[in-house]
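Here is a small set of exercises to work through with the structure open beside you. Try each task before reading its solution.

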Amino acid sequence: QVQLVESGGGLVQPGESLRLSCVVSGSFFRIDLMGWGHQTPGKQRELVADITRLGRTNYADSAKGRFAISRDNAKNAVYLDVASANSEHTGVYYCYARIWVAEFVQNDYWGQGTQVTVSS
């Protein structure tokens, strides 16, 4: 059973920095792509950024300059950093991972999400 657990959300003051973390646990062969999605009320979940196992990053146009994604393969973790939070960062953040769970079986998994609220 593969699980993705996010952490780091909560109430953030405008202008503060923020780091979201996601750790993958369970039984699997290898994690390929990892990334983050963002959802606000009434809207569909949107890609923020993803990162390959070798560290190549991809950002949504709306996310460029606002987020930084990184990962630690040894810890099966992916991170999302915000240097200076504002109200546009509010929402639920979901991490995802594309995982080889068997030799010829690759699945996409999502975490439960972590709420970030930017407010004074």
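## Exercise 1: Salt bridges

Arg-98 is partly exposed, with a relative accessible area of 31%; here buried means under 20%, exposed over 50% and partly exposed in between (1.4 Å probe, protein chains only). Before going on, note that this is a predicted model, in which local features need pLDDT of at least 70, side-chain atom pairs count only at pLDDT 80 or more, and totals for chains, interfaces and linings use all residues. Residues are numbered from 1 along each chain as its sequence is written, and side-chain values use heavy atoms, with hydrogens and water left out.

Task: Find which side chain Arg-98 meets in a salt bridge, and then look at the salt bridge of Arg-66.

Solution:

1. Apply the criterion: a side-chain nitrogen of Lys or Arg within 4 Å of a carboxyl oxygen of Asp or Glu. A search of the whole structure gives five salt bridges.
2. For Arg-98, the partner is Asp-108, at 2.7 Å from N to O. Arg-98 belongs to strand β9 and Asp-108 to strand β10 (residues 105–110), so the pair ties together parts ten residues apart in sequence. Strands here are DSSP runs (E, at least two residues), numbered from the N terminus. Asp-108 is partly exposed as well, at 45%.
3. For Arg-66, the partner is Glu-88, at 3.9 Å from N to O. This pair links distant parts of the chain, 22 residues apart: Arg-66 sits in the loop between β6 (57–59) and β7, and Glu-88 in the loop between β8 and β9.
4. Compare accessibilities: Arg-66 is partly exposed at 23%, whereas Glu-88 is exposed at 54%.

## Exercise 2: An aromatic pair

Task: Classify the ring pair of Tyr-96 and Trp-110 as stacked, edge-to-face or tilted.

Solution:

1. Rings of Phe, Tyr and Trp (its six-membered ring) pair if their centres lie within 6.5 Å; planes under 30 degrees apart count as stacked, over 60 as edge-to-face and the rest as tilted. This rule gives two aromatic pairs.
2. The ring centres of Tyr-96 and Trp-110 are 4.9 Å apart and the planes stand at 45 degrees, so the pair is tilted.
3. Place the pair in the chain: Tyr-96 is in strand β9 and Trp-110 in strand β10, 14 residues apart.
4. Tyr-96 is buried at 11% relative accessible area, while Trp-110 is partly exposed at 41%.

## Exercise 3: An open sheet

Task: Work out which strands stand at the edges of the sheet β1-β3-β8-β7.

Solution:

1. Two strands pair if DSSP finds at least two bridges between them. The four strands form an open sheet in that order, with antiparallel pairing.
2. β1 (3–7) and β7 (68–72) each have a single partner strand, so they stand at the edges and one side of each lacks a neighbour in the sheet.
3. Check one pairing: five bridges join β1 to β3, and Gln-3 stands opposite Ser-25 in β3.
4. Now turn to the other edge, where Ser-70 lies in β7. Ser-70 is partly exposed at 24%. Beyond neighbours within four places in sequence, Ser-70 contacts Arg-19, Ile-51, Val-78, Tyr-79 and Asp-81, a contact being heavy atoms within 4.5 Å.
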